[in-house]
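I opened the file to look up strand pairing and one helix contact. My notes follow.

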Amino acid sequence: MTDIAQTLRSLASNLSWCWSRDGASLFRALDPERWETSGHDPHALLAGLDDEAIAAGVARSGLEDRIAELANAQDAAVASDESALLVGALRARPVAYFSMEFGLHESLAVYSGGLGVLAGDHLKSASDLGLPLVGLGFFYREGYFQQSIDGEGWQQEAYPRVEPQAKGLRPALDASGQQVKVSVETEKGSIHAQVWELRVGRVRLFLLDSDVAENDADDRTLTARLYGGDSRQRIRQELLLGVGGVRTLKALGIQPGVMHLNEGHCAFAGLEAIARRMEDEGASFEEAKDETASQTVFTTHTPVPAGHDRFPHELALEHLRPLGKRLGLSDDALLALGSEAVAVEGKGKVEFRGEPSFCMTVLALRMAQRVNGVSFLHGRVSRQMWQQLYPETPLHRTPIGHITNGVHVPSWMAPRSRRFLDGVLGSDWEQFQADPDTWAPIAEASDEDLWDLRTGLKEGLLRFVRERAAREAKARGESADVVKALSRALDPQHLVVGFARRFATYKRATLLFQDLDVLDQIVNDADKPMRFVFAGKAHPRDEGGKKLIQRIHGIARDPRFLGKVILLGGYDIAVGRALTAGVDVWLNNPRRPLEASGTSGQKVVLNAGLNCSILDGWWAEGFDGTNGFAIGDGEVHRDHSLQDAKDGESLLAVLRGEVAPLYYERQEGLPKAWIERVRRSMVTLGWRFNADRMVLDYARMAYLPAAGVQLAEVR
Ligand SMILES: *Cc1c(COP(=O)(O)O)cnc(C)c1O
């Protein structure tokens, strides 16, 4: 009987359980209460039970066959050589995907928001598609932070510390069976790290961890928190990720065919790869740089100028001089690699922005021959942002393209939606999800079936929101009346709108609240009531973001809005998943064009919800007039307060004039025009904005050319 416990542990050790059809439901069935208290962490669940208790739980719930089936499927998937893509060309030399964060599941808190979730989804689709790829990142023992909201509506951060073994990580082993350790020199001593391995389906993810005895106290906590430290800590993290990442691959005997830098944080990887080429092949700096760049892909994510890492020269030199020596570069030549100043014929050297600094995005642009933004619009904005680095090149030829982001369908589609689509599309549809024909039969799904799906999903959300909102209110010490109102909040008949993401200022979380009297009319309309659920995190040092949370908290406690505008704390992947699965409408109102892509609205498409969004990021290319709602018409004003006022007005007008009437217009008891819009949303958007399509685009447009594969070789 202990075999069954062993099988379950082995299932938990590969994260593919979290997107297989029966993984989470199986662990939940074993012990529903522990499953919730463990934060959906199978390792914690199993650690709390001895083998006998596990065996008893399995027998009691009759799980033997399901466990065997899942274990077989997992083994087969990991061993599989099958691939929708060619495996051969990159097999011996995989893609090495570097990222500061990976958002794979709520039980592994090494992500902060969209960037991390994107990286996690990229790994999962690479695994599904059989694309040879390994990931490199950090294991943060204290994560980003755990959020709660206090009685004043102020965000509180907690940093529970977890050990890598408790999360099912195993030491990454070198050829001699030793855990890989890497060191990276700076001018004032070295930074050391050990490396852990996590299985993500067929993909291996390597996570560096600086909590080793060789480091001094400061460096032992270097990788304790994501985005937690000052500039000095940040550049040390980035040095460790880039240089240490490349050294990790070397120690593991992995020779990457392509390096993919997910955001500029990891750009130092390029310098280490160049130095290695010079040492191994006797190449000159220029030769090694050209060759490295030809095999490097860089994805930039940030149209917000302040969002790019910039380091003071002195800090950069302290950390780069040892590399500079190996590269044969003077201090000036080294600093030039990250300089936004460019020599223009006849004008000398021109500094473009503020204080002279070392910019990681500039370095990444120079380290990679293939560069892309993450939506059509973001590609254009990025070309404008960086064209000054290419003074000889006309704007439209600035070498930055775009590959629009997508989401991992099995991770973001609710089980109910997945079963529904299995019925409509056939059980193997997920394998062909990037093909428009695959989704076309949804056009024939009946109004009744689609509305049943929608209603069922919304009921799941209502339970989630009530339980959580009431529990949080109680913990904050709110009155019994408030707790009671929240525990009965929402009604499946009502139109429910959701908004959840990082509380970065440009995302304008409070745009809805420009006119509370109009909001009152919208929310409390006797015939067409509307409900709102908000969630999201502000960076611990972002007072402005925290004030936005506080404002929403205040409105949520206003008697006009109590139980009708709801703010949830504890934002994480699980909250995001519940909201994007259950809401009727997903609201996104960033200040155009600052939302590089956005992905949360793509999750809503998968669950028969509709988007109501500013024409920015992915929505600027996804919206076609029939498949959701647009706020504004894509206008941009230099004056932010003018733009915010106009967009805020447009938002209220769309909600009141389009969204509510369409939702409440019934024929034979059903909102037929609404359901038609849902169909259009799924048919026109599902195949385009998923991570399989995204990874296939990276393969075709970036990885295969970078690996020197002729496209004719790809079937
Ligand atoms: C999908 C997701 C995001 C992305 O949000 P956008 O505002 O659409 O970029 C952020 N955080 C979490 C937890 C997510 O799951």
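Which residue in strand 7 is the bridge partner of E185? I found S190 in that position. The model is predicted: local features need pLDDT of at least 70, side-chain atom pairs count only at pLDDT 80 or more, and totals for chains, interfaces and linings use all residues. Residues are numbered from 1 along each chain as its sequence is written, and side-chain values use heavy atoms, with hydrogens and water left out.

Entry one, strand 7. I took strands (E, at least two residues) and helices (H or I, at least four) as DSSP runs numbered from the N terminus. Two strands pair if DSSP finds at least two bridges between them. Strand 7 spans residues 189-200, and 9 of its 12 residues are buried (under 20% relative accessible area, 1.4 Å probe, protein chains only).

Entry two, its partners. Strand 6 (residues 181-186) runs antiparallel to strand 7 with 6 bridges, and a hairpin of 2 residues joins them. Strand 8 (residues 203-209) is also antiparallel to strand 7, through 7 bridges. In the hairpin between strand 7 and strand 8, I read a positive phi near 65° at G201. Strand 5 (residues 170-171) adds 2 antiparallel bridges to strand 7. I noted W196 twice: P171 is bridged to W196, and W196 has L207 in strand 8 as a bridge partner.

Entry three, helices. I listed G23, S25 and L26 in helix 2 as meeting R66, I67 and L70 in helix 6 (heavy atoms within 4.5 Å). The residues of this contact divide into 3 nonpolar, 2 polar and 1 charged, with Ala, Val, Leu, Ile, Met, Phe, Trp, Tyr, Cys and Pro counted as nonpolar, Asp, Glu, Lys and Arg as charged, and the others, Gly among them, as polar.

How values were computed:
Buried < 20%, exposed > 50% of the residue type's maximum accessible area, 1.4 Å probe, protein only.
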